[in-house]
Amino acid sequence: MTTNTQNLSGQSILAGAATTGNGRAVHGYNPATNEPLEPAYSLIDLDQLKIATAAAAEAFESFRSLEPAKHADFLDAIAENIEAVGAELAARAMAETGLPEARLTGERGRTTGQLRLFAKVIRQGDQHGVRVDPALPDRAPLPRVDIRQRKIAVGPVAVFGASNFPLAFSTAGGDTASALAAGCPVIFKAHNAHPGTSEIVGRAISKAVADFGLHPGVFSLVYGPGATIGQALVADPVIKAVGFTGSRSGGTALMATAAARPEPIPVYAEMSSINPVIFFAGALSEDPAAQAKAYLGSVSGSSGQLCTAPGLVFVPTGAGGDAFAQAISSQAPNTAGQTMLTEGIYNSWIQGVEALGGQPGVELLGRGTEGAGQNAPAPAIYSSSVEQLLENPVLQDEIFGAASLVIRYDSAAELVTALSKLEGQLTATLQLTDADHETAAAVLPTLETKVGRILVNGWPTGVEVGHAMVHGGPFPATSDPQTTSVGTLAIERFLRPVAYQNFPNALLPRPIAKDNPWNLTRRIDGTLTTTGE
Ligand code: NAP
């Protein structure tokens, strides 16, 4: 299998085999022109899906037991294969998504960096999470036997890629990387907004699978409608967990399917978030025009199609807040629209903006200009009050794209009331100076219960990939607030603990063997150590 993009096949990759789907064929589209892109992608049917799921089941045992060095090298090799594609990857992704080259080049770096970070995790072995309660044969009144815990891979995982990150949240994105790192085979359901990009990256993964002599069922890439193939994938008994990034309706539909199975499984869905930004009075006392400029940049970057885009901004009443609002009105016309990902997402944005603008007590604060080409709407900023926000749930609806709502508040107490009524969010941002610490401290306890990440004096639209990051939050930001889809902790979603009680050393799996052959850091009787026993 080659990673040459000149020769896209329009086929799924079912357990390593490029396969023409038995269903109809669909094109990707250039959203800047609404013109179809070659080749057409043939959609698989349910029998063909079974080829992928059966192979994933077969691949599971050998893949989850891979020796750590080979497992880590495999992830590194996927990263190398993606890089080896060269500039053609960004070129195809640009044509399919309308996103600019610099953004896609950066996203490729994030994608390969993510894979390499998980390779490091595997080499270090933290994911085994070993805990040992040594035997206490002399304990009275009853002795304790030796108990050892480690984490194992849950089984094959279904991943649904996001439209808005064709690389970092797609075929070899965070969900795939963390599932493969956990030792789970992956069946990836491609997003129809970037089928060619998915094929290029899918080939890079499949090449690594073949080069490392792994079972081909470790990875499959399928093209098919979500309503049939996506649903059947999640319902298939082989699948043991699901990773998803997309709409609230899509995520909740998959949650319902997973919960209704004879054996229910977890769905890790990242869905809807409006990412409140809170300005405190001090932050608007010096240069509200500069704050307005930064805000408009964060709203309109990537055409606002970021899960962390600031859709809701709390601004205090008073002179600083007034100056900020005026600056938004005067600067907004300088903000140009950019091509959105698909015509469908553009149409949803138009509907969302019309719905918000039509609500009582909501006024247009500023409007940008349309961008060149198709599907590049003028960014829109609205304003309203806490009273309206509390009364009208439409004001909390995510509008995926460059739109945002400014809410004026009178007091810290009113702010806390408003925040307490918000749905779960991926992020919240505090814009403050030293003079605002007291008010910010009053707001923090409420915010902590609502969001996955709180940041100070920045903008939420960049997500670092590291060990401390949380890209998660209570529903509807995600389906499971105990997890993150970005950063090394994401691997935990695809692992589960198993305890081994009173085992002879010869039967213990290597991560928990008494002589600690992999030199893991293990918690023995509650204390972290690298020694044996
Ligand atoms: P989407 O419509 O939810 O689609 C995402 C993936 O899920 C696609 O592969 C889709 O397949 C599949 N899918 C959707 N509904 C399904 C269902 N009922 N059963 C099974 N599979 C299903 O999301 P999108 O196309 O990426 O974007 C649309 C909207 O999602 C945006 O307007 C925005 O509101 C939201 N969005 C949010 C985030 C975020 O991070 N918060 C990110 C991206 C998008 P098919 O297309 O084949 O049906």
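1. **The β20–β21 pair.** In this predicted model, strand β20 (residues 522-524) and β21 run antiparallel and are joined by three bridges. Arg-522 has Thr-529 of β21 as its bridge partner. Follow this pair outward and you reach a whole sheet. That sheet is open, has five strands and takes the order β19-β6-β5-β20-β21. Its pairing is mixed. β19 and β21 (527-529) are the edge strands, each pairing on one side only. From one strand to the next, the twist averages 30°.

2. **The seven-stranded sheet.** A further open sheet has seven strands, in the order β14-β15-β16-β13-β12-β17-β18. Here too the pairing is mixed. The edges are β14 (363-367) and β18 (451-456), and each pairs on one side only. Neighbouring strands are turned by 20° against each other on average, with direction ignored.

3. **Inside that sheet: β12 and β17.** Which way do β12 and β17 run relative to each other, parallel or antiparallel? They run parallel, and three bridges join them. β12 covers residues 277-279 and β17 covers residues 425-431. Look at Phe-279 to find this pairing on screen: Gln-431 in β17 stands opposite.

4. **Helices on the seven-stranded sheet.** Helix α11 (residues 343-357) lies across β14, β15 (380-385) and β16 (403-409). It runs at about 30° to β15. Helix α13 (residues 412-420) lies across β12, β13 (312-316) and β16. The angle of α13 to β13 is about 170°. β16 is thus on both lists: α11 lies across it, and α13 does as well.

5. **The α2–α4 packing.** Helix α2 (residues 68-85) and helix α4 (residues 101-124) have axes that come within 8 Å. The axes cross at roughly 170°, which means that α2 is roughly antiparallel to α4. On the α2 side, the contact residues include His-71, Leu-75, Ile-78, Ala-79 and Ile-82. On the α4 side they include Thr-111, Leu-115, Phe-118, Ala-119 and Ile-122. Charged side chains take part too, among them Asp-73, Asp-76, Glu-80 and Glu-83 of α2 and Arg-108, Arg-116 and Arg-123 of α4. By class, this contact has ten nonpolar, three polar and seven charged residues.

6. **The second largest pocket.** How much volume does the second largest pocket have? About 410 Å³. It is lined by 17 residues. Closest to its centre are Gly-125, Asp-126, Gln-127, Gly-129 and Glu-492. The lining divides into five nonpolar, seven polar and five charged residues.

7. **Enclosed cavities.** Rolling a probe the size of a water molecule over the atoms shows where empty space is left. Three cavities of 30 Å³ or more are counted. The largest cavity holds about 80 Å³ of space. Its lining has 13 residues, with Tyr-268, Ala-269, Thr-478, Ser-485 and Arg-493 nearest the centre. β10 (241-245) and β11 (267-270) are the elements that give two or more residues to this lining. Which of the elements gives the most? β11 does, with three residues. By class, the lining of the largest cavity has three nonpolar, seven polar and three charged residues.

8. **Two cis peptide bonds.** Ala-140 and Pro-141 are joined by a cis peptide bond, with omega about 0°. Pro-141 sits in the loop between β5 (131-133) and β6 (147-153). β5 and β6 are both strands of the five-stranded sheet. The bond from Phe-475 to Pro-476 is also cis, with omega near 5°. Where is Pro-476? In the loop between β18 and β19 (495-501). β18 is an edge strand of the seven-stranded sheet, and β19 is an edge strand of the five-stranded sheet.

9. **A positive phi.** Ser-302 has phi near 55°, a positive value in a residue other than glycine. Ser-302 is found in the loop between α9 (288-300) and β13. β13 is a strand of the seven-stranded sheet, and helix α13 lies across it.

Definitions and conventions: Residues are numbered from 1 along each chain as its sequence is written. This is a predicted model: local features need pLDDT of at least 70, side-chain atom pairs count only at pLDDT 80 or more; totals for chains, interfaces and linings use all residues. Side-chain values use heavy atoms; hydrogens and water are left out. Two strands pair if DSSP finds at least two bridges between them. Helices (H or I, at least four residues) and strands (E, at least two) are DSSP runs, numbered from the N terminus. Axes are lines fitted to C-alpha atoms, for helices over the stretch in contact, and angles run from 0 to 180 degrees between N-to-C directions. Contact means heavy atoms within 4.5 Å. On a 1 Å grid over the protein atoms alone, a cavity is a set of points where a 1.4 Å probe fits but cannot get out, and a pocket is an open set with protein on both sides within 12 Å along at least five of seven lines; lining residues have an atom within 4 Å of a point. Grid points are joined across faces, edges and corners, and a volume is the space filled by probe spheres set on the points. Ala, Val, Leu, Ile, Met, Phe, Trp, Tyr, Cys and Pro count as nonpolar, Asp, Glu, Lys and Arg as charged, and the others, Gly among them, as polar. Angles under 35 degrees count as roughly parallel, over 145 as roughly antiparallel, 65 to 115 as roughly perpendicular and the rest as oblique.
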